[in-house]
Amino acid sequence: MKWILVMLMMGVSVLAEPFDFMLLTTRQDAEMDWWYAVPAPFAPKVTPISTVAKDEYFRIIPIFRNYKTDIGKSASITFDVKVTKPDGSTYLDLPKLEGHIGLTSTKELLPAQAVINLCFEPEDAYGDYRIEITAYDQVAQQTNTQHKVIQLEKFKVEKLSKDERERLFLTYPIAPNPSRALSAFLQTEEQFFNEENEPVWSAIWFFKTIFEENEYCVSLMMEEFGFCKPKQKRDIILMAVLLDQADQLPKLSTELRRYQRLYEAGRVPDPYSTITNAKQLDMLWAEFFATGTVKPLKQIVRSLALVEHLGMMDKIKAGELDPEDKNVARAGFLEAVFQSALWSLKNNCKEVPLVRHYCAGILATEELEKPVETCLAMLLQSLEAETPAIKEKEESNEKNHHNPKSSGSDRPIQSGG
């Protein structure tokens, strides 16, 4: 058994009685950007889960409501966690964890400061594990107990249609499922290299990020290697090289070893260095879609500082500047990168509500350079003018998320560079 206790020191909420809470099990990130980085009036989107695979980490989070605060507006909530095996014996027993100790704000719901990050190990039995949380509101002198069952299932490759594989990108930030992503990777028909033999970073980095954060997928991927077609075998070799896990590959044929050497000779851009090309933007968007976290969006927003080059392309086209001049050519190229960043932000804000919510939070809380702040504010204002259409799109996406048979193309939005 592996478990990690994550302490979150941000508080929220206060309401009436009786003391109550929701017992949430989810794959969404343990730092809970999906909760804390989403400002009012937007509501956090929570995707609970009921099944997991072995070695797959998931979160157990109580979210309190109707709790009391003392005269100083402080809450005092603790909770016990007990997990019972399918045979009825105790699997995990953790007493007196921090629900919330200290000042709260005025919102209704209050996630626990202690988040249980748990995974079942290879020797654990398949079946139903019963989670029991007993929470104590020390101020109200009230207790509440909730139960939930999480099922440990054996991994099997899920057969996905092309439409389901494409939709995976847009739904993944709020509904991550590494096992499903692995199935999609093993069935991807499109090449991970374009006609110029350049890597399609928006796709490769999406899967690479998921597998890097969910190591159990790597061993499962290697187990599937012998059953794969040549194209998928090359994909697995590429992924193993990117993950620095090539030593886990089975014995390769001469031809496949040639592909491994070719991949190892390639150069991987750094998306967190100064943004100078669209490849970095594609990688950052891939990371966002793979994690649902705010970090890559902050980096994309910072790239709006390239607005200083705005207008260079028009001057070059008008003959005012010499495109043969290296400094002029570079400035024109950086303007194109800026346009790609702005375009991708606007389009993803429309397609994925979480992007828009994070951008609003970044604008409200981050210290941004003035040109960046102005660009982001203008982008969000332009979206406000389109609010009815965006709301309709959000509702449509929500229906599509719950109905895998609904139509529509949900390819990941790339930077356009």
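Two strands pair if DSSP finds at least two bridges between them. In this predicted model, five strands are joined in an open sheet with mixed pairing. The points below cover that sheet, the second largest pocket and a pair of helices.

**The sheet**
- The strand order across the open sheet is β3-β10-β9-β5-β6.
- β3 (51-52) and β6 (90-103) are the edge strands, and each has a single partner strand, so one side of each lacks a neighbour in the sheet.
- Strand β5 (residues 74-84) runs antiparallel to β6, and 10 bridges join the two.
- Thr78 has Glu98 in β6 as its bridge partner.

**The second largest pocket**
- The second largest pocket holds about 560 Å³ of space.
- Its lining consists of 27 residues, and those nearest the centre of the pocket are Asp29, Arg59, Glu213, Thr291 and Thr293.
- By class, the lining of this pocket comprises 11 charged, nine nonpolar and seven polar residues.
- Two helices, α4 (201-213) and α8 (278-291), each supply at least two residues of the lining.
- The most is given by α4, which contributes six residues to the lining of this pocket.

**Helices α12 and α13**
- Helix α12 (residues 353-365) packs with helix α13 (residues 370-385) at an angle of about 135°, and their axes are 10 Å apart.
- Angles over 145 degrees count as roughly antiparallel and 65 to 115 as roughly perpendicular, with the rest outside the roughly parallel range counted as oblique; α12 and α13 are therefore oblique to each other.
- The two helices, α12 and α13, make a left-handed crossing.

Notes: Residues numbered from 1 in each chain as written. Predicted model: local features only at pLDDT ≥ 70, side-chain atom pairs only at ≥ 80, totals over all residues. Heavy atoms only, no water. 1 Å grid on protein atoms, 1.4 Å probe; cavity = no way out; pocket = protein on both sides within 12 Å on 5 of 7 lines; lining within 4 Å. Points joined across faces, edges and corners; volume = space filled by probe spheres on them. Helix = DSSP H or I, 4+ residues; strand = E, 2+ residues; numbered from the N terminus. Nonpolar A, V, L, I, M, F, W, Y, C, P; charged D, E, K, R; others polar. Axes fitted to C-alpha atoms, helices over the stretch in contact; angles between N-to-C directions. Parallel < 35°, antiparallel > 145°, perpendicular 65-115°, else oblique. Left-handed = near helix turned anticlockwise from the far one by under 90°.
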